[in-house]
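Biologist: Before we dig in, could you put the chain on screen? I'd like to go through it piece by piece.

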Amino acid sequence: MFDKTEARVVKAAFLPPALAKRLDETCTLADWELLDEAERQTAAENARVLAVNGESVITAEFIAQFPKLELIADFGVGYDGIDVAAAHARGIAVTNTPGVLTDDVADMAMGLLLATSRQIVEAQRFVERGEWAKGGFTWTKKVSGGKLGIAGMGRIGQAIARRASGFDMVISYTDRQPIAGLPYAFAADLKTLASEVDFLIICVNGGEKTRALVDAEILTALGADGILINIARGTVVDETALIAALDAGTIAGAGLDVFEREPEVPAALYGRPNVVVTPHMASATHATRKAMGDLVFDNVAAHFSGEALITPVTP
Ligand code: DGY
């Protein structure tokens with residue numbers, strides 16, 4: 001397929017063991033975490049491919065250490081942590097893993113929406129605390145037929161909309177512009193969308209353009225009956241504003257799979273009946289993580305074989 005000695009890869013983040021094994025068997029693989037300073041320098045001088053994941057922070061300075069770098073292969077759909085502009089400016093390609101994780105992330109969004117609105121996690125705590133015998137659980141917020149707003153109507157947003165249609169939800173969305181052929185109402189901006197819906201799911205890309213997009217103003221627009229779900233990136237939500245809104249009861253609840261400073265989760269979000277937190281696991285099913293690993297490998301193999309990349313990130 002390609003010459004193993006020429007196929008020099010640096011693994012600079014956690015990758016599933018099966019993918020790391022495949023890379024190790026077919027390429028000359030160095031694990032950044034396991035190298036000392038001198039070994040890192042040698043590995044960086046020679047590497048042609050850098051394998052990272054969706055949570056990696058790959059700055060222009062980091063990339064500059066790799067003079068022969070040709071490709072950054074991202075195990076993840078999100079690449080907001082990678083300075084893609086700096087990579088492209090040096091002619092370094094970037095690949096990610098779109099498509100294969102869409103269904104799982106959409107499933108998780110619906111799971112969080114249901115768990116938060118129907119207080120499923122709190123209901124389990126209630127049973128475990130032995131409180132059922134003292135009286136029934138509190139009544140919760142109805143999901144079916146509710147108004148759902150989706151911020152960011154890419155693959156994942158559309159997959160959520162298809163699922164929510166099965167719950168007879170009335171769906172509207174916002175994006176840079178209306179998307180042709182979609183049977184959902186378009187809102188011109190996020191504030192308008194938030195003010196019109198019962199549930200707001202955040203699906204936009206991370207990065208500087210969307211940092212703190214969901215701020216106090218958007219939360220106020222969502223309102224005291226509104227539920228916020230974030231399966232995108234933690235940076236998109238102003239966590240301080242969110243905690244203040246939860247404290248003040250100006251929103252009804254939040255289901256969050258992502259956080260500003262992962263793996264740190266603000267303790268102020270713990271133990272609330274109306275908040276569900278999960279550890280950035282929306283795409284973490286066995287089948288999907290395997291498919292993501294296969295796609296990373298296929299991109300790396302295509303690169304070393306001189307073939308077209310399968311899922312390049314376009315400038
Ligand atoms: C992704 O694929 O970007 C997921 O969020 C995991 O990082």
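Modeller: Let's start with Asp-168, which sits in the loop between helix 7 and strand 7. Keep in mind that the model is a predicted one.

Biologist: Is Asp-168 exposed or buried?

Modeller: The cut-off for exposed is 12 or fewer C-beta atoms within 10 Å. Asp-168 has 10 C-beta neighbours inside 10 Å, so this residue counts as exposed.

Biologist: And what is the phi of Asp-168?

Modeller: Asp-168 is not a glycine, yet its phi is positive. The value is about 55 degrees.

Biologist: Staying with helix 7, why do its buried residues line one face of the helix?

Modeller: Helix 7 covers residues 155-165, and its buried residues are Ile-156, Gly-157, Ile-160, Ala-161 and Ala-164. Look down the helix axis and these buried residues fall within a limited arc, so they line one face. That arc is 140 degrees.

Biologist: What covers the buried residues of helix 7?

Modeller: One helix in that cover is helix 5 (102-117). The cover also includes strand 6 (147-151), strand 7 (170-174) and strand 9 (199-202).

Biologist: Now helix 10. Which of its residues are buried, and what arc do they fall within?

Modeller: Helix 10 runs over residues 239-248, with Glu-239, Leu-242, Ala-245 and Leu-246 buried. Seen down the axis, the buried residues line one face of helix 10, because they fall within an arc of 120 degrees.

Biologist: Which residues are exposed on the other side of helix 10?

Modeller: The buried residues of helix 10 pack against helix 9 (216-222), strand 11 (253-256) and strand 12 (275-277). On the other side of helix 10, the exposed residues are Asp-247 and Ala-248.

Biologist: Which residue just after helix 10 takes a positive phi?

Modeller: The phi there is about 70 degrees. The residue is Gly-249.

Biologist: Where is the peptide bond that is cis?

Modeller: Go to the loop between strand 11 and strand 12, where Pro-263 is placed. The omega of the cis bond is near 5 degrees. The bond runs from Glu-262 to Pro-263.

Biologist: How does His-280 count by its C-beta neighbours?

Modeller: His-280 is in the loop between strand 12 and helix 11, and has a positive phi of about 45 degrees without being a glycine. Its C-beta neighbours inside 10 Å number 18, so His-280 counts as partly exposed.

Biologist: Let's zoom out. How far apart are the C-alpha centres of domain 1 and domain 2?

Modeller: Domain 1 takes in 8-100 + 286-304, while domain 2 is 102-277. Their C-alpha centres are separated by 32 Å.

Biologist: How many residues of domain 2 are in contact with domain 1?

Modeller: From domain 1, 6 residues take part in the contact. By class, that side of domain 1 has 1 nonpolar, 3 polar and 2 charged residues. On the domain 2 side, the number in contact is 8.

Biologist: Which residues surround the ligand, and how do they divide by class?

Modeller: Around the ligand you'll find Gly-54, Glu-55, Gly-76, Val-77, Gly-78, Leu-101 and Ser-283. This shell divides into 2 nonpolar, 4 polar and 1 charged.

Biologist: What does the UniProt record call residues 110-282?

Modeller: Over residues 110-282 the chain is 30% helix and 16% strand, with the end C-alpha atoms 11 Å apart. The annotation comes from an unreviewed UniProt entry. It reads "domain: D-isomer specific 2-hydroxyacid dehydrogenase NAD-binding".

Biologist: Which residues does the "catalytic" annotation cover?

Modeller: The UniProt entry, again unreviewed, gives "domain: D-isomer specific 2-hydroxyacid dehydrogenase catalytic" for this stretch. Here the chain is 36% helix and 14% strand, and 26 Å lies between the end C-alpha atoms. The annotation covers residues 33-313.

Biologist: Two last spots. Is Arg-8 buried or exposed?

Modeller: Arg-8 is in strand 1 (residues 8-11). Leaving out residues up to four places away in sequence, Arg-8 touches Thr-28, Asn-46, Ala-47 and Arg-48. The C-alpha atoms of Arg-8 and Ala-47 are 5.0 Å apart, although 39 residues separate them along the chain. With 20 C-beta neighbours inside 10 Å, Arg-8 counts as buried.

Biologist: And how far is the C-alpha atom of Pro-315 from that of Asp-298?

Modeller: Pro-315 belongs to the segment after helix 11 (286-304). This proline counts as exposed because it has 9 C-beta neighbours inside 10 Å. Pro-315 and Asp-298 are 17 residues apart along the chain, and their C-alpha atoms are separated by 21 Å.

Note on methods:
Residues are numbered from 1 along each chain as its sequence is written. This is a predicted model: local features need pLDDT of at least 70, side-chain atom pairs count only at pLDDT 80 or more; totals for chains, interfaces and linings use all residues. A residue is near a molecule or strand if its C-beta atom, placed from the backbone, lies within 6 Å of it. Ala, Val, Leu, Ile, Met, Phe, Trp, Tyr, Cys and Pro count as nonpolar, Asp, Glu, Lys and Arg as charged, and the others, Gly among them, as polar. Domain bounds come from an automatic or database domain assignment. Two residues are in contact if their C-beta atoms, placed from the backbone, lie within 7 Å. Helices (H or I, at least four residues) and strands (E, at least two) are DSSP runs, numbered from the N terminus. The arc is that of the directions from the helix axis to the C-beta atoms. UniProt positions are given in the numbering used here, feature names are shortened, and annotations may be inferred rather than shown by experiment.
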